[in-house]
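Q: Can you walk me through this one? I'm new to it.
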Amino acid sequence: MSDRITAKNITDNEFFYGHKACAGCGGSLAVRMALKVLGERTFIALPAGCMSAVGFNFPQLCFSNNAIISTFAGTGSIITGIEAGARALGLKDYHVLGMAGDGGTADIGIQALSGAIDRNDRVIYICYDNEAYMNTGIQKSGLTPFGAKTTTTPAGKHIHGNVKNKKNMFEIVAAHGIPYAATASIAYMDDFIEKVRKASQVDGPSYIHVIAPCPTGWGIPADRTIEAAKEMVDCGLWYLAEYYDDEFHLNRDPNEFTSVSDYLKSQGRFKHLSDEDIALIEQGRDKKWEKIRAWN
Amino acid sequence: MSIKPTLREYKKPEKLSDYPEATCFEAGHLVTKNAGWRNVRPVINDEKCVGCYQCYMYCPDGVIFKKNDKVDIDYDFCKGCGICAKTCKLKAITMTEEER
Ligand SMILES: Cc1ncc(C[n+]2csc(CCOP(=O)(O)OP(=O)(O)O)c2C)c(N)n1
Ligand code: SF4
Ligand SMILES: [Mg+2]
């Protein structure tokens, strides 16, 4: 299980190139790096969402491996089908990967994902989470955090953006008893690519939930994508963890969090939040960490 | 030779039969650049670069590539997001006004 992939030894091959994602798009970095880890013999399925929209614009086809657009709801079932097909053909040394957005995973695609895990086939599912339905113009998804302004959860005088909390996809997936699941952030790249590599060695389904900021939807400059992804982890609103052998493992447990307020206030989608809103978010964070710290 | 889609000449279809028959086509088929999106241009200072490849690891477009233990940029596809300049701890990349 060793042989870590590093900046020095990672392949020069590029499998997601010339795409039309916005400048600084976090999702496109997640797709690019996952494919660099998994390699040419990877069948990737991407449902409706930004990554398929920016990757397949005939005659501009930006994947250099085998890639397909799935139905919005069907990432989980399509990767099961591809895996069954590849096995029936007697193919060897390949990976089957599904990469869906937060909407495509936590909302419309959740039952297909649940079924795919249940079938226990060797498929990798990565959710690139930009916390809203970005490709259709920033609507709230089940993974949009509390307080975020989207076009369907506007920031008004009385209601300050989204009133719901983020669904706990990582633990929902883990509750299936999946062989391997992990959370990640594109800012912690070594950690993310190591998790993709681990997933590729699992003889069964695996799931990675990677935070991938969208500068367009988050209201941040294009060059702040990585910083925002890092701040989210460092202020404790996201965490790096794994689930395997029926147990949770917290990978990173900082002694001190950076400022939640600074994280929120640097993004257009949270600009309207009051001090009380921010205090609520901090309380939610502390409650969450009390639980996850008990994992170790 | 590493695998990487490259820009190629594209002849616009003239008749229906020139179009692909199904909704599938050749992988890595690029016919347009992204250079026109760029307002600012990353410029690498080779003296300062130590070849840590962090910019390469964080480029969402994969346009930074290794060259002689340092890095270079494919300006055909760089959109000028500026992530590389922010990522470089040695400040070896500066964003400069794009000339038109
Ligand atoms: C069945 C169906 N419903 C709605 C849509 C419209 N649609 C296309 S992309 C998209 C948003 C996808 O959001 P997400 O999965 O979070 O990915 P992102 O665009 O944020 O990368 C929607 C609603 C669709 N293509 N198919
Ligand atoms: S809208 Fe957001 S997720 Fe979609 S391509 Fe642009 S930056 Fe990426
Ligand atoms: Mg999304």
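What follows is a short chat about the two chains and the ligands.

Q: What kind of model is this?
A: This is a predicted model, where local features need pLDDT of at least 70, side-chain atom pairs count only at pLDDT 80 or more, and totals for chains, interfaces and linings use all residues. Residues are numbered from 1 along each chain as its sequence is written, chains are lettered from A and ligands numbered from 1 in the order in which they are written, and side-chain values use heavy atoms, with hydrogens and water left out.

Q: Start with chain A. How many helices and strands does chain A have?
A: Chain A has 11 helices and 10 strands. Helices (H or I, at least four residues) and strands (E, at least two) are DSSP runs, numbered from the N terminus.

Q: How does its radius of gyration sit against a compact globule?
A: Chain A has 18 Å, which agrees with the value near 19 Å for a compact globule of 296 residues. The radius is taken over C-alpha atoms, and the globule rule is 2.2 Å times the number of residues to the power 0.38. Along the principal axes, the C-alpha atoms fill a box of roughly 60 × 45 × 40 Å.

Q: And how much of chain A is buried?
A: Buried residues make up 57% of the 296 residues. Buried means under 20% relative accessible area, exposed over 50%, and partly exposed in between (1.4 Å probe, protein chains only).

Q: Now the magnesium ion. Which protein residues are its donors?
A: Asp102(A) (OD), Asn130(A) (OD1) and Ala132(A) (O) are the protein donors of the magnesium ion (ligand 3). They lie 2.0 to 2.1 Å from the ion. Donors are N, O and S atoms within 2.8 Å of the metal (3.2 Å for Na, K and Ca); water is not among the atoms, so sites may look incomplete.

Q: How are the donor residues spaced in sequence?
A: The spacing is D-x27-N-x1-A. Asp102(A) lies in helix H4 (residues 102–107) and Ala132(A) in the loop between strand E6 (124–129) and helix H6 (169–174) of chain A, so the pair ties together parts that are 30 residues apart in sequence.

Q: Is Asp102(A) buried or exposed?
A: Asp102(A) is buried, at 0% relative accessible area. Ala132(A) is buried too, at 4%.

Q: What about ligand 2? Which residues are around it?
A: Ala21(A), Cys22(A), Cys25(A), Cys50(A), Asn130(A), Cys214(A), Pro215(A) and Thr216(A). A residue counts as near if one of its heavy atoms lies within 4 Å. Asn130(A) also appears among the magnesium donors.

Q: What classes make up that shell?
A: Six nonpolar, two polar and no charged residues. Ala, Val, Leu, Ile, Met, Phe, Trp, Tyr, Cys and Pro count as nonpolar, Asp, Glu, Lys and Arg as charged, and the others, Gly among them, as polar.

Q: Switching to helix H5 of chain A. Which of its residues are buried?
A: In H5 (residues 110–119), Ala112(A), Leu113(A), Gly115(A), Ala116(A) and Ile117(A) are buried. Their cover includes helix H3 (75–88), H4, E6, H6 and strand E8 (206–211) of chain A.

Q: What comes just after H5(A)?
A: Asn120(A), with a positive phi of about 65°. Asn120(A) is not a glycine. Its place is the loop between H5 and E6 of chain A, and at 46% relative accessibility Asn120(A) is partly exposed.

Q: And in E6, what does Ile124(A) touch?
A: Beyond neighbours within four places in sequence, its contacts include Leu38(A), Ile79(A), His95(A) and Ser206(A). Contact means heavy atoms within 4.5 Å. Ile124(A) is buried, at 4% relative accessibility.

Q: Where is the cis peptide bond?
A: Between Phe58(A) and Pro59(A), with omega about 5°. Pro59(A) is in the loop between strand E2 (56–57) and strand E3 (60–61) of chain A.

Q: On to chain B. What is the order of its elements?
A: From the N terminus, they run β-β-β-α-β-β-α-β. Chain B has a radius of gyration of 17 Å, but a compact globule of 100 residues would be near 13 Å. Of its residues, 40% count as buried.

Q: Is Tyr53(B) buried or exposed?
A: Tyr53(B) is buried, at 8% relative accessibility. Its phi is positive, near 65°. By contrast, Lys89(B) is exposed, at 78%.
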